[in-house]
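Me: I am new to this structure and want to see how its terms are earned. Please take my questions in turn.

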Amino acid sequence: MNQFALFGYSGHAFVIADAIKMMGDDMIGYYDRAEAKVDPFNLKYLGDEKDEVALDKIKDSGASFFVSIGDNSIRKTLIRHLIEKGFVTTSVIHPTSIFSTLATIGAGSFVAAGAIINPLAKIGVGAIINTGAIVEHECRIGDYVHIAPGAVLAGSVHVGDGSFIGANAVVKHGVKIGSNVIIGAGSVVLKDIAMSQTWVGNPAKRLG
Ligand SMILES: CC(=O)SCCNC(=O)CCNC(=O)[C@H](O)C(C)(C)COP(=O)(O)OP(=O)(O)OC[C@H]1O[C@@H](n2cnc3c(N)ncnc32)[C@H](O)[C@@H]1OP(=O)(O)O
């Protein structure tokens with residue numbers, strides 16, 4: 001059985017905690033700025049992630065860390081900081097997801113319930129493939145990306161580092177999306193998108 005220390009303990013973390021339990025693993029507790037008012041998993045508060053002494057609790061327990069924060073940029077900063085400090089993270093893959101034997105995923109990434117990752121898809125570090133999302137064959141998903149619930153990436157789609165694909169969005173096969181892009185919920189992306197832009201609608205048009 002693997003043990004995890006969560007970093008961040010609110011809505012998104014509850015989904016990850018549930019996946020960890022369903023994998024048959026467990027948590028030693030969570031770090032956050034303050035003790036959570038809502039604690040559905042009865043986890044122990046381990047302290048603030050900036051408190052070096054509190055961080056030693058991970059080393060002492062031999063647990064892996066898992067950053068359970070939905071915001072791509074905050075998640076990236078914290079994962080990098082903890083890896084620099086010598087802590088170890090791993091991926092969390094919900095047992096009801098389908099993860100191809102020919103797909104790969106980086107450390108600190110999360111695949112939620114019902115998601116499907118098809119052959120030769122490559123997912124980077126610290127990514128979220130959320131509930132029921134589909135990542136088709138040969139997709140390239142960068143680091144610290146969030147594919148929100150129900151989004152569908154057709155074959156060979158590329159998504160750059162730090163990008164967010166909204167809930168139920170659809171991306172046409174072969175489309176390349178740059179880094180730090182936001183795609184609105186329910187949008188249908190039919191052509192390539194350069195970095196740091198927001199696109200919405202069907203067909204998707206540039207918002208900012
Ligand atoms: C488990 C989870 O919950 S994971 C989280 C999942 N969350 C999501 O998928 C939400 C994704 N976010 C969105 O879709 C947001 O609307 C964003 C980020 C695209 C835009 O947000 P904002 O910058 O605040 O835009 P704002 O709400 O001001 O809307 C600006 C315009 O774009 C339109 N617009 C915004 N989002 C969309 C959308 N998804 N599709 C079509 N049009 C949209 C608005 O209607 C508005 O149009 P108008 O100027 O003609 O009135």
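Me: Where does S156 lie?

Reply: S156 lies in the loop between β15 (152-153) and β16 (158-159). Strands here are DSSP runs of E with at least two residues, helices are runs of H or I with at least four, and both are numbered from the N terminus. S156 also has a positive phi of about 60°, although it is not a glycine.

Me: What kind of model is this, and how are its residues numbered?

Reply: This is a predicted model, in which local features need pLDDT of at least 70 and side-chain atom pairs count only at pLDDT 80 or more, while totals for chains, interfaces and linings use all residues. Residues are numbered from 1 along each chain as its sequence is written, and side-chain values use heavy atoms, with hydrogens and water left out.

Me: What makes β20 and β22 a pair?

Reply: Two strands pair if DSSP finds at least two bridges between them. Strand β20 (residues 182-183) and strand β22 (residues 198-200) have 2 bridges, in the parallel sense, so they count as a pair. I182 stands opposite T198 in β22.

Me: Why are β5 and β23 called edge strands?

Reply: The open sheet has 8 strands in the order β5-β8-β11-β14-β17-β20-β22-β23, with mixed pairing. β5 (92-93) and β23 (205-206) are its edge strands because each pairs on one side only.

Me: Which residue of the loop between β22 and β23 takes part in a cis peptide bond?

Reply: P203 is found in that loop. A cis peptide bond joins N202 and P203, with omega about -5°.

Me: How do you know that A167 makes a polar contact with the ligand?

Reply: A polar contact with the ligand is a pair of N or O atoms within 3.5 Å. A backbone N or O atom of A167 lies 2.7 Å from an oxygen atom of the ligand, so the pair qualifies. For A185, a backbone N or O atom lies 2.8 Å from a nitrogen atom of the ligand, so that pair qualifies too.

Me: What classes of residue form the shell around the ligand?

Reply: The shell has 8 nonpolar, 5 polar and no charged residues. Ala, Val, Leu, Ile, Met, Phe, Trp, Tyr, Cys and Pro count as nonpolar, Asp, Glu, Lys and Arg as charged, and the others, Gly among them, as polar.

Me: Which helix gives the largest share of the lining of the largest pocket?

Reply: Helix α3 (residues 72-84) does, with 4 residues.

Terms used. A polar contact is a pair of N or O atoms within 3.5 Å; within protein, one must be able to donate a hydrogen and the other to accept it, and residues adjacent in sequence count only if both atoms are side-chain atoms.
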